[in-house]
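Trainee: I would like to understand one part of this protein properly instead of skimming the whole thing. Please take me through the open spaces and the strands beside them, step by step.

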Amino acid sequence: AGNALELTPTGFQLKTTSSGFNDNGGTYVYMAIRKDGMSTPTVASEVFSIDTKGSSAPYFDSNHIVDMALVKSAGATGDWYNYARLMGEKYLATNTTAAEANASEAGFDFMDGHIDSDWGGTDAHSWMWKRARGYFDVVAYTGTGAAQTINHNLGAIPEMIWLKRRDTANFEWIVYHKGLNGGTSPEDYVLYLNTTNTEADVAYWDDTAPTSTTFRVSGFGQTGANGGTYIAYLFATVAGVSKLGSYTGNGSSQTIDCGFTNGSQFVLIKRMNDTGHWQIWDT
């Protein structure tokens, strides 16, 4: 309430002054309990699901807890809605620069899916991710106005990061991928999730490669404005479950080997060296 306290990957952050919990010079005791530890998934069904909207809660069903969802009406134009457990009853749109907006219809109080009751019809699709070690993590943080190091609990070096400022509009979705610039210093480059733009040399990651425990962001408005609130989604490769990579087109037909035994159920592709849409295929 009142943006008083924020949960962080290493503990918690006090956001305001209050005699109850953060008075200047006041001394306090506290108790904190760690989140469940994340384990490495062995099959994709433990951490990723696809569903079309049903007629009863949770509307979008999964085989697991949902920490992030991307929802789109497949049969109509419109926004791509992004929900996250850490955002609560809010949403972002991955195809726009809009700030987060209220979503009283959204909810994550389920072990087997999430609610988004505003979608009409049955052509609404939800792609759902669960946090898991080495596979996917979600981090919310507040900017300082300067370059800063952000902790995460992925337990592996992120190979792709989606990052969005939440509290105000007109800031792009910033994307890191290990394949940018041909894999040479990809931390110096970005793509934008909400545009068709080619890769660009911009220091949003403070020109610093991510590690298995942290990533760096600049103090720019897109990544670290003083008091700005942000959310970041971190993705990595788990053998037999997920694969992050890059390839060069040959103008004909070619097979991309992801090391899967049962084939792919979800594929996301974006051209780097020229303009082009983000494209999704699924089962």
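**Pockets and the strands that line them**

Mentor: Let's start with a strand: S20 contributes the most to the lining of the largest pocket, with four residues. Strands here are DSSP runs of E, at least two residues long, numbered from the N terminus. A pocket is an open set of points on a 1 Å grid over the protein atoms alone where a 1.4 Å probe fits, with protein on both sides within 12 Å along at least five of seven lines, and lining residues have an atom within 4 Å of a point. Keep in mind that this is a predicted model, where local features need pLDDT of at least 70 and side-chain atom pairs count only at pLDDT 80 or more, while totals for chains, interfaces and linings use all residues. Residues are numbered from 1 along each chain as its sequence is written, and side-chain values use heavy atoms, leaving out hydrogens and water.

The largest pocket has a volume of about 1,500 Å³, the volume being the space filled by probe spheres set on the grid points. Its lining is made of 43 residues, and the closest to its centre are Lys243, Gly245, Val267, Leu268 and Ile269. Strand S20 covers residues 266-269, and both S20 and strand S14 (160-165) supply at least two residues of this lining.

Now turn to the second largest pocket, which holds about 1,200 Å³ of space. Here 37 residues form the lining, and Leu7, Thr8, Lys35, Leu86 and Arg131 are the closest to the centre. Strand S1 (5-7) and strand S12 (136-142) each bring at least two residues to this lining. S12 gives the most, with four residues.

S12 deserves a closer look. Seven of its seven residues are buried, so the strand is mostly covered (buried means under 20% relative accessible area with a 1.4 Å probe, protein chains only). Follow the side chains along S12: Phe136, Val138, Ala140 and Thr142 point one way, Asp137, Val139 and Tyr141 point the other way, and all are buried. S12 also has a partner, since seven bridges join it to strand S19 (residues 229-235), and the two run antiparallel (strands pair if DSSP finds at least two bridges between them). Within this pair, Asp137 stands opposite Leu234 in S19.

S1 has a residue worth finding too: Glu6 has its place in this strand. Glu6 is buried, with a relative accessible area of 12%. Leaving aside its neighbours within four places in sequence, Glu6 is in contact with Phe12, Gln13, Lys15, Ala140, Tyr141 and Thr142 (contact means heavy atoms within 4.5 Å). Ala140, Tyr141 and Thr142 should sound familiar, as you met them in S12.

For another arrangement, look at the open sheet of six strands, in the order S3-S11-S5-S6-S7-S8, where the pairing is antiparallel. Strand S3 (48-52) and strand S8 (101-102) stand at the edges with a single partner strand each, so one side of each has no neighbour in the sheet. In general, strands of a sheet pair through backbone hydrogen bonds, either parallel or antiparallel. At one edge, S8 and strand S7 (residues 90-93) pair in the antiparallel sense over two bridges, and Lys90 stands opposite Asn102 in S8.

Methods: Buried means under 20% relative accessible area, exposed over 50%, partly exposed in between (1.4 Å probe, protein chains only).
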